[in-house]
Amino acid sequence: MIKTALSIPSVLKVKAGSKIPLRVTHMITYNCNLDCSYCSRHYDTNELGTQDVMDLMKSFREAGTRFWSFNGGEALMRDDLGELITYGRKLGFITSLATNGTLVAERINDLRDIDMVTISLDGPRKIQEESRPGSFDKIIEGMDALDSNNIQNNIMTVIGKHNINVLDDVLGFAEAYGTRVFFQPIRVQKEDTEGKSKMYFPTPDQMREATTQLINAKKQVRPVASSTKYLEHMRDCWPDKMPAEKCWAGRISCAIDPSGHVAPCCDTLASCAGREDCNAGKNGAQSFHSIPDFKCSTCYSSIPLETNIMMNHMLKPKFAHDQILREYLLHQR
């Protein structure tokens, strides 16, 4: 069974008012080898070097971080990623990688010390190739390589009008590989100043129907990894209502951009870029305590919203049962 990322004593300290960066999402590069149709995140920016990243990781580990997630762009574009993953394990981190999957097979030796790999998948071949040309066969190779090397993995599927009718196919793909799927709705990233992702927005009725189907699939013990509460928020709130969840980003978790600037979450990184008090590359984990408060209008990103749900509902029996059942049935390989 996969190791848990959060310790109950630390979580309770945060709920009591402490700030502990238990989980860090590190956007280690914005470079990417794909040009996905609805993504605007990747662009050139300064990146910390290998030793600077190691110093950053060490500082956050001393501050209480347990979970370090490498993200991008495409994190496997960094030649030193394997070295950084191994260093993370030596520090005692639970490490994960979010990737488009196309470089996994050729870099599989660099992933020997990773705890979890999440591969982005939009749907079956036709859908995948339309949104991410040239990626489907390489994803298959990557999934096969992960399984051959006994590396834990799961799938992330962004729901848009391009794939909203093939989510059952994604679940079938996951079942064939014995893995699970996290879902999140397509959204306008802060870098998307032209709003090109809105071209891929389904209608609210389509999203409600799709998420209702996923909730039912979860009840049938199909490999839907997203929590029921998260899916309910997607169903009831997307695209312009704020889920009724207290936000814990910046208190229990944070995101770091390639240049080392820290923010509550990935959607707020642009607002903290360039701020010296948020420069963790220079000031280390102390910058976590300088993160400004944000009041967002919406929040549908899987990691921060699932974290909020966990923090707000972890002691409620129904939620606890949902989580325990999901761990038992879906996290075992």
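## Worked exercises: a pocket, a helix pair and some odd backbone

The second largest pocket of this predicted model has a lining of 32 residues, and Asp267, Cys296, Ser297, Thr298 and Cys299 are the ones nearest its centre.

**Exercise 1.** Work out how much space this second largest pocket holds and which classes of residue line it.

*Solution.* Start with the volume: the second largest pocket encloses about 650 Å³. Then sort the lining by class, which gives 17 nonpolar, seven polar and eight charged residues.

**Exercise 2.** Describe how helix α2 packs against helix α3.

*Solution.* Take the geometry to begin with: the axes of α2 (residues 50-62) and α3 (residues 81-91) come within 11 Å and cross at roughly 25°. Angles under 35 degrees count as roughly parallel, so α2 is roughly parallel to α3. Next comes handedness, and here α2 passes α3 in a right-handed crossing. Now for the residues: α2 brings Thr50, Val53, Met54, Met57, Lys58 and Arg61 to the contact, while α3 brings Glu83, Leu84, Tyr87, Gly88 and Leu91. Sorted by class, that's six nonpolar, two polar and three charged residues.

**Exercise 3.** Find the unusual backbone spots and place each in its loop.

*Solution.* Keep the baseline in mind: most peptide bonds are trans, and most residues other than glycine have a negative phi.

- Going from Gly72 to Gly73, the peptide bond is cis, with omega near 25°; Gly73 sits in the loop between β2 (67-71) and α3.
- Trp238 to Pro239 is also a cis peptide bond, with omega near 10°, and Pro239 belongs to the loop between α8 (228-237) and β7 (253-256).
- Asn150 isn't a glycine, yet its phi is positive, about 55°. Look for Asn150 in the loop between α5 (136-148) and β5 (153-159).

Definitions and conventions. Residues numbered from 1 in each chain as written. Predicted model: local features only at pLDDT ≥ 70, side-chain atom pairs only at ≥ 80, totals over all residues. Heavy atoms only, no water. Axes fitted to C-alpha atoms, helices over the stretch in contact; angles between N-to-C directions. Helix = DSSP H or I, 4+ residues; strand = E, 2+ residues; numbered from the N terminus. Parallel < 35°, antiparallel > 145°, perpendicular 65-115°, else oblique. Left-handed = near helix turned anticlockwise from the far one by under 90°. Contact = heavy atoms within 4.5 Å. Nonpolar A, V, L, I, M, F, W, Y, C, P; charged D, E, K, R; others polar. 1 Å grid on protein atoms, 1.4 Å probe; cavity = no way out; pocket = protein on both sides within 12 Å on 5 of 7 lines; lining within 4 Å. Points joined across faces, edges and corners; volume = space filled by probe spheres on them.
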